[in-house]
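Hi everyone, thanks for making the time. I'd like to walk you through one structure today, so let's put it up on the screen.

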Amino acid sequence: MTHAVSPEDWRWGDELDAVVAAPNSHRVVFENEKVRVLEVSVPPGTREPEHTHRWPSVMVTDTRARIRYWIGDRLSFESPDPLPPPGDLTGSWSGPEGPHSVENIDTFASHALRIEFKD
C-alpha cells in the first residue's frame with residue numbers, strides 16, 4: 001500500500017513533511033535526535049494534503065477506518081468493505097514514503113501513532 005522509497009533516493013523537500021504539509025492530521029507528540037512520534041488522525045470524509053514521511057516508521061493504529069491511499073491522482077489502495085474485525089491495536093512497518101495522501105472513506109475518524117526512526 002505504501003509508496004516506499006529508499007533513504008538514498010530521497011529527493012523531496014521539508015515543505016512536504018507530513019507535519020508541515022498536512023498539519024490538520026499530523027501532530028508531533030514527542031521528538032528527539034533518534035525518533036519522532038506523530039499522532040495521526042484523519043476525520044471521516046477527509047482527504048489529507050499530499051505529504052511525505054522521510055524516515056522508516058512503525059504505525060500503531062487504535063481506530064482503524066476504511067481509507068483510500070493516493071499517489072498523486074492515482075488510487076493505489078482501498079480498504080475492503082467491511083474491514084476485518086478489529087483487534088485491540090494493530091501495527092505495521094513502513095519504509096520512507098514519497099508523496100501520497102490518505103482519504104478516510106468511513107463514518108468515523110482514523111487514529112494512530114506513527115513512530116519514525118531518524119537516521
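Before I get to any strands, a word on terms: I call two strands paired if DSSP finds at least two bridges between them. Helices (H or I, at least four residues) and strands (E, at least two) are DSSP runs, numbered from the N terminus.

With that in hand, β1 and strand β2 (residues 35-42) pair in the antiparallel sense over five bridges. Within that pair, E31 faces R36 of β2.

Now the small print. This is a predicted model, where local features need pLDDT of at least 70 and side-chain atom pairs count only at pLDDT 80 or more, while totals for chains, interfaces and linings use all residues. Residues are numbered from 1 along each chain as its sequence is written, and side-chain values use heavy atoms, with hydrogens and water left out.

Let's widen the view. β1 and β2 belong to an open sheet of five strands, in the order β1-β2-β9-β4-β7, with antiparallel pairing. β1 and β7 stand at the edges with a single partner strand each, so one side of each has no neighbour in the sheet. On average, neighbouring strands here are turned by 20° against each other, direction ignored (axes are lines fitted to C-alpha atoms, for helices over the stretch in contact, and angles run from 0 to 180 degrees between N-to-C directions).

What does β4 pair with? Strand β4 (residues 57-63) is joined to strand β9 (residues 110-117) by six bridges, and V58 sits opposite I115 there. β4 also pairs with strand β7 (residues 90-94), antiparallel, over five bridges; S57 has S94 as its bridge partner.

There is a second open sheet, with four strands in the order β3-β8-β5-β6, again antiparallel. Its edge strands, β3 (51-53) and β6, each pair on one side only. Neighbouring strands in this sheet are turned by 40° on average, direction ignored. Strand β5 (residues 67-71) and β6 are joined by four bridges, including the one between I71 and R74.

Two last details. F30, in strand β1 (residues 26-31), is partly exposed, with a relative accessible area of 41% (buried is under 20%, exposed over 50%, partly exposed in between; 1.4 Å probe, protein chains only). And a cis peptide bond joins D81 and P82, with omega about 0°; P82 lies in the loop between β6 (74-78) and β7.

That's my tour, thanks for listening!
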